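User: I would like a close look at a single part of this model, followed by an account of how that part relates to its surroundings.

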Amino acid sequence: MGGELVLPGRKWVSWLGNVLGGGDPLEGLKRVLGFQVRSSGAPGPLTLKEVEELEQLTQQLMQDMEHPQRQNVAVSESCGRCHQPLARAQPAVRALGQLFHITCFTCHQCEQQLQGQQFYSVEGAPYCEGCYTDTLEKCNTCGQPITDRMLRATGKAYHPQCFTCVVCACPLEGTSFIVDQANRPHCVPDYHKQYAPRCSVCAEPIMPEPGREETVRVVALDKNFHMKCYKCEDCGKALSIEADDNGCFPLDGHVLCRKCHTARTQT
């Protein structure tokens, strides 16, 4: 049967001295233990050297009982949450560069105990996996938390694979894109196809050629033209965008070259 021997300090020392040792606690302890002094080589329980060693141990024991030492706990061995000391024999959790009582190491949000569990650090505080996920930004496209690389565009957060053109769904990461009035991203071709002004001749959108970022739009008579479509309506001659003899000579809303303009006015 195991147990812990508790020595009641001064009372025990006094009892040894007054009851067994006639006032000397050391002699009382020797009588209790049955020690006798004998010369070296003579029959008997102890030698003189052994008794001296016993006296040193006994005096140390009495000093410890008279002045019990308090357990010193270093500052670094206080709980990182409640800041109370951690006893040396007390189980503790080491995490985030600190020590915690097991009951104190909990999720900052839901108070779930985290010993032996996966946890995440958010601004130095431990979070369980569920609460950590709730702190993450959500993708504007799929609505799921962004746990890895995040792409931010148009003031919103995206998974890189979710940032795509709203028309053709091609990926837009690392490429040029244009947003519409609703702030939705488009690849450049689809944006121009949908929103670029249309040529009054061919009805196609006026947009840059593949591999180019700009194009020229001709506006005449409140109409839009491709450069290649800006021609005299009667003879098909290409018109200059300059105000010269090769330019447009409109008549009754028609785009004409100078020659055809003159011909119409004479008929």
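Along strand S9 (residues 217–220), which side chains point to one face and which to the other, and which of them are buried?

Analyst: The model is a predicted one, and the description below begins with strand S9 and then moves outward.

In strand S9, which covers residues 217–220, the side chains alternate. Val 218 and Ala 220 point to one face and are buried, while Arg 217 and Val 219 point to the other face and are not buried. This follows a general pattern: in a regular strand the side chains alternate between the two faces of the sheet.

The partner of S9 is strand S10. The two strands run antiparallel and are joined by four bridges. Within this pairing, Arg 217 of S9 stands opposite His 226 of S10. The two strands form a hairpin with two residues between them, and in that hairpin Leu 221 takes a positive phi near 55 degrees. Leu 221 is placed in the loop between S9 and S10. Its phi deserves mention, as Leu 221 is a residue other than glycine with a positive value. In general, most residues other than glycine have a negative phi. As for its exposure, Leu 221 counts as partly exposed because its relative accessible area is 37%, a value between the 20% and 50% limits of that class.

On the S10 side of the hairpin, His 226 lies in the strand, which spans residues 223–226. His 226 has a relative accessible area of 12% and is therefore buried, the cut-off being under 20%. Leaving out residues up to four places away in sequence, His 226 touches Cys 199, Cys 202, Glu 204, Pro 205 and Ile 206.

His 226 also leads to the largest pocket of the model. That pocket has a volume of about 290 Å³. It is lined by 14 residues, of which Met 207, Glu 209, Thr 215, His 226 and Lys 228 are the closest to its centre. By character, the lining divides into seven nonpolar, two polar and five charged residues. His 226 thus appears both opposite Arg 217 in the strand pairing and among the residues closest to the pocket centre.

Strand S9 has a further neighbour in the chain that follows S10. Ile 241 lies in the loop between S10 and helix H6 (258–266). Apart from neighbours within four places in sequence, Ile 241 is in contact with Val 218, Met 227 and Tyr 230. Val 218 is one of the buried residues of S9. The C-alpha atoms of Ile 241 and Val 219, which are 22 residues apart along the chain, are separated by 9.3 Å. Ile 241 itself counts as exposed because its relative accessible area is 51%, and the class begins over 50%.

A second hairpin in the chain offers a useful parallel. Strands S3 (residues 119–122) and S4 run antiparallel and are joined by four bridges. Val 122 stands opposite Ala 125 in S4. This hairpin has two residues between its strands, and Glu 123 in the turn has a positive phi of about 55 degrees. In S4, which spans residues 125–128, Ala 125 and Tyr 127 point one way and Pro 126 and Cys 128 the other way, and all of these are buried. In S9, by comparison, the residues on one face are buried and those on the other are not.

A positive phi is also found outside these two hairpins. Ala 169, which is not a glycine, has a phi of about 65 degrees. Ala 169 is located in the loop between strand S6 (156–158) and strand S7 (177–179). With a relative accessible area of 49%, Ala 169 is partly exposed.

For the wider setting, the protein chain contains six helices and 10 strands. Of its 267 residues, 29% count as buried. Among the contacts in the chain with a separation of 6 or more, 17% are between residues 24 or more positions apart. The accessible surface comes to about 18300 Å², of which 49% belongs to carbon and sulfur atoms.

Note on methods: Residues numbered from 1 in each chain as written. Predicted model: local features only at pLDDT ≥ 70, side-chain atom pairs only at ≥ 80, totals over all residues. Heavy atoms only, no water. 1 Å grid on protein atoms, 1.4 Å probe; cavity = no way out; pocket = protein on both sides within 12 Å on 5 of 7 lines; lining within 4 Å. Points joined across faces, edges and corners; volume = space filled by probe spheres on them. Nonpolar A, V, L, I, M, F, W, Y, C, P; charged D, E, K, R; others polar. Buried < 20%, exposed > 50% of the residue type's maximum accessible area, 1.4 Å probe, protein only. Contact = heavy atoms within 4.5 Å. Areas by Shrake-Rupley, 256 points an atom, 1.4 Å probe, with all protein chains shown as cover. Pairing = 2+ DSSP bridges.
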